[in-house]
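I opened this notebook to keep track of what I looked up, beginning with the aromatic rings and ending with charge on the surface.

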Amino acid sequence: MQRRFRPGSRAVWTSTIRKMTEAPVTQWWRDAVVYQVYPRSFQDTDGDGVGNLAGVTSRLEYLSWLGIDAVWLTPITASPDDDFGYDVSDYYSVQPVLGDLASVDRLIEAAGRCGIRVILDIVPNHTSDRHAWFKDARASRESEHRDWYVWARPSRHGSLPNNWLSVFGGPAWEHDPATGEFYLHQFLPSQPDLNWWNPQVRGEFDRILRFWFDRGVAGFRIDTANKVVKDSLLRDNPPVGPADHAMARRLGQRPARTSSQAEVHEIWRRWRAVCREYEPERMLVGETWLFDLNEVAGYYGADDELQLNFNFPFVYADFSAEALRRVVERTEAALGASRWPVWTASNHDVSRFPSRWCGGDSRLIRMGLTVLLTLRGTPFLYYGDELGMTDVDVPGDRIVDPLSRRMPGQHRGRDPERTPMLWRPGPGAGFTDPDVEPWLPLGDSQVNVEQQRDDRTSTLRLCRDLIALRRESPDLRTGGRLHEPGRARGGLDLPAGDQYCRRAELSG
Ligand code: TEU
């Protein structure tokens, strides 16, 4: 639609453009910049060396200044921490070291006042072996929750039920001597897989979703969303072939029976229906470690499954214009106009992009941020990306990631990208008290928020400017593909910033 510009009508013109090009409020995630927080490493407020929810709340002013629209917190639910929250022992309570339900409520409320939404992480593929359901399941073959997990008899020769391998090394089966059967674990043996063929499991997770949505949670990142349903006949996985992506070849077998089963899409349709019970609709972003972009696209369904799905081919692309152009083009081709891309370069499982892509070179880091924040789609920044924070060498005696121990020599471990946020120079780096040993070692606090915030030429200021530019320029968000006309601005149907947030803006 063409509109003639009349002098003096700039405001009207701008708002018309906004209406034509911005995502409807009900699709706020399309215009959002999402910021991933690893809560253990963001801000410690009680001097135990571990970050917590009160710490995230205390840093909302910063996030508001940076201009982000939503935070995704990696799991905050109760857990023995064998896999730092990805081994859930209670989906309805908060890990005590991080806080309690009241601290979640306070965070959601304070974030809402800043126009920032809170997205949580949900782990439906497995629980902790210390979850009450699993304790009951393994008590006897007749237990009420036995069928909530995947059990199998030993094969005829008394060995493993099939050839499935754990992503974390070794067979995916653990023998349970008390009941004489094996249980499935695609990750650690202390992370038994749930049986999603069981309708009670499906029903329980609907309740879990509503429990958090009712508290004001804006959406969920779904852990390992492609693996939740496994072949009901437990057939073997085939070997990998030369055409498989290097990441898929790592395991030596193609997860044909343990990933992307047709029925997994039923689960996401069901969850989407739960999201649609809320206003605005709640958002689901899938974590699918898939390297076929058509398969990635499949998780959006016909706009009746996940609204967003992470794009690992982009994460693992080489950092060259040619390689990135190829993956962006392939993504656009696979997703088409109706499915919304996600761009991320770092997370808590993969080396930080300032190290992996840029070797710590600040000019390349700036380029990386520019790529990330100027593509059509929803960018996810990992905490510290905005500063150019790099991976930290974690000495052997400080390693805590179970992967390093289970796969020595094969896996570098994930501690280097999970180290504390660097807020200011000096001991504790503003993350914790100066005399406290943080749970993971601090990186070089020469890279820090305090100094970069004051320096107009810093990486942080560039990142903030890019976010602001993106907000101002529909082209940077939509890449020329216009949304339906006449809809309201997405992302800001929350109350406009109050005193608290205005202070944040002024302090910039
Ligand atoms: O990750 C899924 C997954 O496949 C990764 O574990 C990946 O293979 C590995 O990290 C390679 O570096 C999710 C979570 O993001 C991860 O932190 C959890 O450990 C895992 O699920 C199990 O819940």
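I looked first for aromatic residues that gather, and I found that Y35, F42, Y62, W65, Y382, Y383 and W423 form one aromatic cluster. I note here that the model is a predicted one.

I then asked how many aromatic pairs the structure holds, and the count came to 37. I looked up F134 and W151, a pair that is stacked, with 5.9 Å centre to centre and 0° between the planes. F134 belongs to helix α5 (residues 132-139) and W151 to strand β6 (residues 151-152), so this pair ties together parts that are 17 residues apart in sequence. Are these two residues buried or exposed? F134 is buried, with a relative accessible area of 0%, and W151 counts as buried too, at 13% relative accessibility, because the cut-off for buried is under 20%.

I turned next to F211 and W212, which form an edge-to-face aromatic pair, with 5.0 Å centre to centre and 90° between the planes. Here I found F211 to be partly exposed, with a relative accessible area of 23%, whereas W212 counts as buried at 2% relative accessibility.

My last entry concerns charge, and I asked which residues gather in a patch of negative charge on the surface. They are D46, D48, D433 and D435. I followed up on D48, which I placed in the loop between β1 (34-37) and α2 (53-58), and I noted that D48 is partly exposed, with a relative accessible area of 35%.

Terms used: Residues numbered from 1 in each chain as written. Predicted model: local features only at pLDDT ≥ 70, side-chain atom pairs only at ≥ 80, totals over all residues. Heavy atoms only, no water. Patch = residues over 30% accessible without salt bridge, like charges linked within 9 Å, V, L, I, M, F, W, Y side chains within 5 Å. Areas by Shrake-Rupley, 256 points an atom, 1.4 Å probe, with all protein chains shown as cover. Salt bridge = Lys/Arg side-chain N within 4 Å of Asp/Glu carboxyl O. Lys, Arg positive; Asp, Glu negative; His and termini not counted. Charge placed at Lys NZ, Arg CZ, Asp CG, Glu CD. Helix = DSSP H or I, 4+ residues; strand = E, 2+ residues; numbered from the N terminus. Buried < 20%, exposed > 50% of the residue type's maximum accessible area, 1.4 Å probe, protein only. Phe/Tyr/Trp six-rings, centres within 6.5 Å; stacked < 30°, edge-to-face > 60°.
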